[in-house]
Amino acid sequence: MKTGKLSLDDKLFLVKTKKDAASHIKINKKVCKHCEHKMCLVVCPAKTYEEKSGAIEASYENCLECGSCRVVCTDGAIVWENPRGGFGVTFING
Ligand code: SF4
Ligand code: SF4
């Protein structure tokens with residue numbers, strides 16, 4: 001690993017996730033149909049959100065728990081809860 005300033009890929013190398021069976025992210029897809037900005041696709045550093053056949057899908061196991069999607073989804077389509085204890089993200093060295 002490089003020293004000094006870390007790239008995003010380097011930083012992601014320091015993250016471990018444990019996938020729960022159930023998603024901690026739920027999306028109201030009816031709301032998404034009328035969303036003009038679809039900022040969830042832009043802001044998520046983990047590329048959790050994807051548009052497939054016109055619908056927004058969340059690969060919740062990618063989530064880094066940063067909270068950005070909750071802020072930018074101004075229409076309130078995202079219901080995001082902390083992963084259950086023992087699941088989700090572990091940050092190494094930090
Ligand atoms: S920002 Fe919210 S409403 Fe818009 S597409 Fe993403 S989840 Fe749907
Ligand atoms: S909390 Fe952050 S990492 Fe997780 S889905 Fe939302 S924007 Fe992506």
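## Exercises on strand β4 and its surroundings

**Exercise 1.** Which residues does Ile27 touch, not counting residues up to four places away in sequence?

*Solution.* Leaving those neighbours out, Ile27 touches Cys32, Ile56, Ala58, Ala77 and Ile78, where contact means that two C-beta atoms, placed from the backbone, lie within 7 Å. The model is a predicted one, in which local features need pLDDT of at least 70 and side-chain atom pairs count only at pLDDT 80 or more, while totals for chains, interfaces and linings use all residues. Residues are numbered from 1 along each chain as its sequence is written, and chains are lettered from A and ligands numbered from 1 in the order in which they are written.

**Exercise 2.** Where is Ser59 found, and is Ser59 buried or exposed, or partly exposed?

*Solution.* Begin with the position: Ser59 is found in the loop between β4 and α4 (68-72), helices (H or I, at least four residues) and strands (E, at least two) being DSSP runs numbered from the N terminus. Next, count the surroundings: Ser59 is partly exposed because 14 other C-beta atoms lie within 10 Å, where 20 or more would make a residue buried and 12 or fewer exposed. Finally, look for partners: leaving aside neighbours within four places in sequence, Ser59 is in contact with Thr48 and Glu50, and Thr48 is 11 residues away in sequence but 4.9 Å away in space, C-alpha to C-alpha.

**Exercise 3.** Which residues form the covered face of β4, and which the uncovered one?

*Solution.* Ile56 and Ala58 form the covered face, whereas Ala55 and Glu57 form the uncovered one. In a regular strand, side chains alternate between the two faces of the sheet.
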